[in-house]
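Reader: I have a new model on my screen and would like to learn how to read it. Could you walk me through its features one by one?

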Amino acid sequence: MVVVTRNFHLVKLIPSLSHTSRHFSVKSTYHPGDQITVGGRQYPADHMTNITPHILSHLGKNLHLQQYHPLCHILDRIVKYMYSRYLTPRGNPLFSVHSQLHPVVTTQQNFDSLLIPKDHVSRKKSDNFYVNEEQLLRAHTSAHQCELMRMGFDNFLVIGDVYRRDEIDSSHYPVFHQVEGVRLLTKSDVYGKQQDMKEYELFTPEGPPTHHPHVINILKADLKDCLQGLATTLFGRDVEMRWVDAYFPFTHPSWELEVKLNDQWTEMLGCGIIQHQVLLNADVEERVGWAFGLGLERWAMKLYQIPDIRVFWSTDPGFLSQFAFDDPATNVNFKVVSKHTPCINDISFWLPSVSSYEAADFYDIVRSIGGNLVEQVYLVDQFTHPHTSRTSHCYRIVYRHMDRILTQEEVNRVHSRIEQETTTALGVTIR
Ligand code: FA5
Ligand code: MG
């Protein structure tokens, strides 16, 4: 087994960008020469920089490496499953594990190396946390595929924290953990045992290199069997699951696996057959392969019946003590530490008339000021005034502390700070 380790240290903002929560602004302006420190490294800031102090506070926590953390237990089981499924001829695990790669990657790694077009929506500033024009906090662990393939790894797992400006609800959090799996095969790996197929090629003979249909079928069968096997190993034979066709620029064909979570079909992973051009970008020839990316929190929520994704960041002993066991396969009947009644406050405002308004900026403010008191935010109403043509949005913010009762006064104080900050940072007018 090969473990690639690149340590990084806890995050600190350098003084020129530091803040007190009172004067925090999402739309901080960065001047030429400003520096931002992310994961112990310094980077030049620019007009794309949009990492908030709230997000920075999650760097270096490495929940997946913390002994007795549920994400660490489930990761252990996933790695063991992959180790036992794929062995070298000498009986050793085939997959290498890379769990400490630095989370700052280049746009080349996160997008270009994966054939994500220059104008693709997933590159938007409103969807990502940019360090600057050329670097960002990785939005998925797929960002490391090419560098590892170029280094010569054929079978590997990448585990890491990933960052997205996403929705806010019980199964989405702006920082979560992914496990990436990549398996590359040579012609003899693909056809080896199937004598009658020895003559087949990996690619169709004419036109640009296209996978031979047999390759797709053989890889697809292995990929789906591997992932379904993982789901039944963790969740039991009777788990309800289904495959859905999907699209990713870097795999074709692609699928998503959904599992019933709290009576709702929930996406657990994306996967597919790696596009040939992705391998060429990594200087890999004469190989084909598959890849998957799964959300560790979603798998842990299913396994331990954890109802809310924020719980993983809790330091409450009532939560953590439930996972203080050495055998990761121990059965846990997770007890919700508390499910106090929520406080629900709405916020309505007119958008600025010359509108550069992005809901993601508003969500950042809510998360930065409300922290983990905020369980959910959603748009409940929007309309455009027929005479003035001004647009109004109304959002509902559900406040609920994981560990204790919140008072309405406390919530009101947080809520009015959110109103103030939204007014100054985004130029809206509270109604
Ligand atoms: C990806 O990130 C692709 N890189 C996955 C992939 C890898 C496809 C390799 C093909 C080959 P997606 O955005 O769907 O895809 O995220 C993958 C998984 O991460 C989801 O299925 C889900 O389990 C989890 N996930 C996505 N967004 C969030 C979020 N905000 N909070 C928690 N989990 C999330
Ligand atoms: Mg998806």
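Author: Happy to. Let us begin with a term: strands here are DSSP runs of at least two residues, numbered from the N terminus. Please keep in mind that this is a predicted model.

Reader: Good. Which strand holds Pro253?

Author: Pro253 is part of strand S11, which covers residues 251–261. The peptide bond that leads into Pro253 from His252 is cis, with omega near -5 degrees.

Reader: Next, the cysteines. How many disulfides does the structure hold?

Author: First the general idea: a disulfide is a covalent bond between the sulfur atoms of two cysteines. To call one here, the two sulfur atoms must be within 2.5 Å. This structure has 0 disulfides.

Reader: Why does Cys226 have no bond to the closest cysteine sulfur?

Author: The closest cysteine sulfur belongs to Cys271, and at 9.4 Å from the sulfur of Cys226 it is too far for a bond. Cys226 is also buried, with a relative accessible area of 1%.

Reader: And what about Cys394: how far is its sulfur from the closest cysteine sulfur?

Author: That distance is 17 Å, to the sulfur of Cys343, again too far for a bond. Cys394 has a relative accessible area of 12% and counts as buried, because the cut-off for buried is under 20%.

Reader: Now the ligand. Which residues come nearest to ligand 1?

Author: A residue joins the shell if one of its heavy atoms lies within 4 Å of the ligand. Around ligand 1 there are 25 residues, and the nearest are His140, Ser142, Arg164, Asp166 and Glu267.

Reader: Which side chains have an N or O atom close to an oxygen atom of the ligand?

Author: Look for pairs of N or O atoms within 3.5 Å. The side chain of Arg164 places such an atom 2.8 Å from an oxygen of ligand 1, and in the side chain of Glu267 the distance is 2.6 Å. The backbone takes part as well: an N or O atom of Gly295 is 3.4 Å from a ligand oxygen.

Reader: How much of ligand 1 does the protein bury?

Author: On its own, ligand 1 exposes 680 Å², and the protein buries 94% of that. The space that ligand 1 takes is the largest pocket. Three elements give two or more residues each to the shell: strand S9 (175–185), strand S12 (264–274) and strand S13 (288–295). S12 gives the most, with 5 residues.

Reader: I also want to read backbone angles. Where is Asp283, and what is its phi?

Author: Asp283 sits in the loop between helix H7 (276–281) and S13. Its phi is near 60 degrees, a positive value in a residue other than glycine. Glu286 is in the loop between H7 and S13 too, and Glu286 has a positive phi of about 60 degrees although it is not a glycine.

Reader: Are these two residues buried or exposed?

Author: The cut-off for exposed is over 50% relative accessible area. Asp283 is exposed at 59%, and Glu286, at 58%, counts as exposed.

Reader: One last residue, Tyr304. Is Tyr304 buried or exposed?

Author: Tyr304 is buried, with a relative accessible area of 1%. You will find Tyr304 in helix H8, residues 296–304. To practise with distances, try its C-alpha atom and that of Pro117: the two residues are 187 residues apart along the chain, and these atoms are separated by 38 Å.

Methods: Residues numbered from 1 in each chain as written. Chains lettered and ligands numbered in written order. Predicted model: local features only at pLDDT ≥ 70, side-chain atom pairs only at ≥ 80, totals over all residues. Heavy atoms only, no water. Buried < 20%, exposed > 50% of the residue type's maximum accessible area, 1.4 Å probe, protein only. Polar contact = N/O pair within 3.5 Å; in protein donor to acceptor, adjacent residues only side chain to side chain. Areas by Shrake-Rupley, 256 points an atom, 1.4 Å probe, with all protein chains shown as cover. 1 Å grid on protein atoms, 1.4 Å probe; cavity = no way out; pocket = protein on both sides within 12 Å on 5 of 7 lines; lining within 4 Å. Sits in = over half its atoms within 2 Å of the grid points. Helix = DSSP H or I, 4+ residues; strand = E, 2+ residues; numbered from the N terminus.
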